[in-house]
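Please open the model in your viewer and keep the sequence panel beside it. The tour below moves from one selection to the next and says what to look for at each stop.

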Amino acid sequence: MRKQLFVSGAIISLLALIAIAGAACGSGSQPTTENPVIGKVIKTGPAGNGLTVTLSSDTGTLKSGEQEIYLAFTDASGKPVDVGSVSFNNRMPAMGSMAEMNNAATLTTTGTPGVYRGKIDVEMAGEWQSQIAYEGPAGKGKATLSVTAR
Ligand SMILES: [Cu+2]
């Protein structure tokens, strides 16, 4: 009886661990050709060459501190387009005695060409200019999105 209780306790712990690991890996948030935008949209804007870039995150808000962000480049029909190498830099101009800040994201590709996953440490809450640049099969282009970190 006691042993059985112990075993079911262990199984419950194991299931809880699997659930936590699954959530951490962001299961269910894989981009697809039909649905290239992961999570919720933070901001979207024109990116040149007839493309639109969408910045998104799990919460739909840019936060101060470390977080994961996503970028999706899409054509007029909403289909993702491979843009090759991409850079993402959050810039905040100098304000009074505070020097200009630049926080770059580390981007990696996903299983869907045209969709990128990024890690960024946003230094502070406030107005940022998200500077996005790309160069590759779709040409060369740039976008700047105004984003408020909270
Ligand atoms: Cu600042």
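Which residue in β2 does K43 stand opposite? Select K43 and then L55, since L55 in β2 is the residue that stands opposite K43. Before going further, note that this is a predicted model, in which local features need pLDDT of at least 70 and side-chain atom pairs count only at pLDDT 80 or more, while totals for chains, interfaces and linings use all residues. Residues are numbered from 1 along each chain as its sequence is written.

**The whole chain**

Colour the protein by secondary structure, and 1 helix and 9 strands appear; helices (H or I, at least four residues) and strands (E, at least two) are DSSP runs, numbered from the N terminus. Read from the N terminus on, the elements run α-β-β-β-β-β-β-β-β-β.

**The sheet of 5 strands**

Now select the open sheet of 5 strands, whose order is β1-β2-β3-β7-β6 with antiparallel pairing; two strands pair if DSSP finds at least two bridges between them. β1 (40-46) and β6 (106-109) stand at the edges, and because each has a single partner strand, one side of each is left without a neighbour in the sheet. Neighbouring strands of this sheet are turned by 25 degrees against each other on average, direction ignored, where axes are lines fitted to C-alpha atoms, for helices over the stretch in contact, and angles run from 0 to 180 degrees between N-to-C directions.

Begin at β1, which pairs with β2 (residues 52-57) in the antiparallel sense over 6 bridges. These two strands form a hairpin with 5 residues between them, and G48 in the turn has a positive phi of about 80 degrees. Continue to the antiparallel pair of β2 and β3, which is held over 5 bridges, and select T54 together with A72, its bridge partner in β3. From β3, 8 bridges lead to the antiparallel strand β7 (residues 115-122), where G118 stands opposite I69.

Stay in β7 and select Y116. Y116 is buried, with 25 other C-beta atoms within 10 Å; a residue is buried if 20 or more other C-beta atoms lie within 10 Å of its own, exposed if 12 or fewer, and partly exposed in between, with C-beta atoms placed from the backbone. Leaving out residues up to four places away in sequence, Y116 touches Y70, L71, V86, L107, T108, T109 and T110, contact being defined by C-beta atoms, placed from the backbone, that lie within 7 Å.

**The sheet of 4 strands**

Next, select the open sheet of 4 strands, which has the order β5-β4-β8-β9 and antiparallel pairing. Its edge strands are β5 (101-104) and β9 (139-149), each of which pairs on one side only, and neighbouring strands here are turned by 20 degrees against each other on average, direction ignored. Within this sheet, 7 bridges join β4 to the antiparallel strand β8 (residues 126-136), with S87 opposite A133 in β8.

**The loop before β4**

For the last residue, select V83, in the loop between β3 (65-74) and β4 (85-92). Is V83 buried or exposed? V83 is buried, with 26 other C-beta atoms within 10 Å, and beyond residues up to four places away in sequence V83 touches F73, G114, Y134, G136 and A138. Draw a distance from V83 to G136: the C-alpha atoms of these residues, 53 residues apart along the chain, are separated by 5.0 Å.

Technical notes: Two residues are in contact if their C-beta atoms, placed from the backbone, lie within 7 Å.
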